[in-house]
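Please examine the sequence and the model below. The paragraphs that follow proceed from the surface to the interior, and then to the aromatic pairs and the backbone.

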Amino acid sequence: MQAGKGEGKKETKRTNKARIARLISETGAMSKNEVAARLGFSMPTTLQHIKELVEEGYVVESGEQESTGGRKAKILSIAGDAGYAAGMEITLDDILFVLVNMRRELVRKARIRVPFSKDFSYYEAMANWLRVFLEQTGVEQEKILGVGIALPGVVDQKEKVLRYSHVLQAENMSFKGFEELSGYSCEIESDANGAAYAERSGRQRDLIYLSLNDTVGGSIFLNQKVYGGENNRSAGFGHLKIERNGRPCYCGGKGCLDAYCSSRALQGEEQNLDVFFEKVRARDRGCRQHLEEYLENLAIAIADLRMVFDCNIMIGGKAGRYLKEFRKELDRKVMVCNQLDLDTSFLEMGKCQAEASAQGVAIRFVERFFEEMGC
């Protein structure tokens, strides 16, 4: 009986330490008093657990709070070098590699031109370039928690299979063998979910992420988890109908949002988005009119998503990064479509850059480390 009580105390202690580490990881930085207040722990218990986390190398003192008249409180944060995770984003023309530390910070990145292929040689190229990338970082192999792979399409995480990708023109492509080739624990995720993980890291509120890439996709975060749906096809926002018998979509239908609000639809006949927006800023009449129409269609989608989910909506992806400077115009158009909100404070523009998808799939390994720390 006594042994059972002892084991119970050890388990409680381990769980509480994990809760402290996870809280600090999610918030970024906190004082000891804030930790105790948020978790409802006594100060002696809090101080003892933090002391052990510091000794184990997971937590460090990273500064001091502003003084309110008394002694300045020490700020705690996760030790960045306690571990790392790698992320890869697969595109038609290249592979983006990133490394994040335990603070979820981007440490290193590299984009390598590796044209996509369904052949086994592509897996070998992925593994070889990953090895080169990680060797260049100088991080010891045992400190790598795992490798996340972001893919443009519908994925089956459990089976590690890319079920379908219009961008890559691939179906039922397995990534199970990549673990053996690379020597690391690997997971796959859609590029939209990956970007959403990066954007929402550390926040508690529900979020709808609308990804405006070569195809339109997204992610639904409810109760701190991605809602994947019964067939891993949730957040297929690109196939919302915004015009009856409208423009043809690659799905075979007509009038889908993808045909109106993908990054390809925005750039039109221009070579890329940089060229398109250079012309917009130069007041090219055709490009300016095209942008106006694009924003009007996007506003319809935003208003509809707000109506359905009633939570914050974030715009991201290739096109999303360019739309920040046109936020006021977008706001006006959203308010015309949305008659239930008094303002557009629910609308957010993504902060992460082109590395968001790869960074997000890497961050998942960091999050899981702290989730499983007390198990």
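Is Leu340 buried or exposed? With a relative accessible area of 63%, Leu340 is exposed; the term denotes over 50%, whereas buried means under 20% and partly exposed in between, with a 1.4 Å probe and protein chains only. The model is predicted, so that local features need pLDDT of at least 70 and side-chain atom pairs count only at pLDDT 80 or more, while totals for chains, interfaces and linings use all residues. Residues are numbered from 1 along each chain as its sequence is written, and side-chain values use heavy atoms, with hydrogens and water left out.

Leu340 is found in the loop between helix 12 (327-337) and strand 16 (347-349); helices (H or I, at least four residues) and strands (E, at least two) are DSSP runs, numbered from the N terminus. Together with Met307 and Val308, Leu340 forms a nonpolar surface patch of about 360 Å² accessible area. Such patches consist of residues with over 30% relative accessible area and no salt bridge (a side-chain nitrogen of Lys or Arg within 4 Å of a carboxyl oxygen of Asp or Glu); nonpolar side chains (Val, Leu, Ile, Met, Phe, Trp, Tyr) are joined within 5 Å, and like charges within 9 Å. Areas are computed by the Shrake-Rupley method with a 1.4 Å probe, and for residues only the protein chains shown count as cover.

In the interior, the largest nonpolar core has 38 residues. A core is a set of buried Ala, Val, Leu, Ile, Met, Phe, Trp, Tyr and Cys residues joined through side-chain atoms within 4.5 Å. Its largest share, nine residues, comes from helix 10 (residues 285-309). Leu323 is among the residues with the most contacts inside this core. Beyond its neighbours within four places in sequence, Leu323 is in contact (heavy atoms within 4.5 Å) with residues including Leu212, Phe277 and Met349.

The whole structure holds 11 aromatic pairs; rings of Phe, Tyr and Trp (its six-membered ring) pair if their centres lie within 6.5 Å, and planes under 30 degrees apart count as stacked, over 60 as edge-to-face and the rest as tilted. Phe276 and Phe277 are edge-to-face because their planes stand at 90°, with ring centres 5.1 Å apart. Phe276 is buried at 1% relative accessible area, and Phe277 is buried at 0%. Ring pairs link both residues with Tyr322 and Phe326 into a cluster.

Finally, Arg283, although not a glycine, has a positive phi of about 65°. Arg283 lies in the loop between helix 9 (273-281) and helix 10, and is exposed at 74% relative accessibility.
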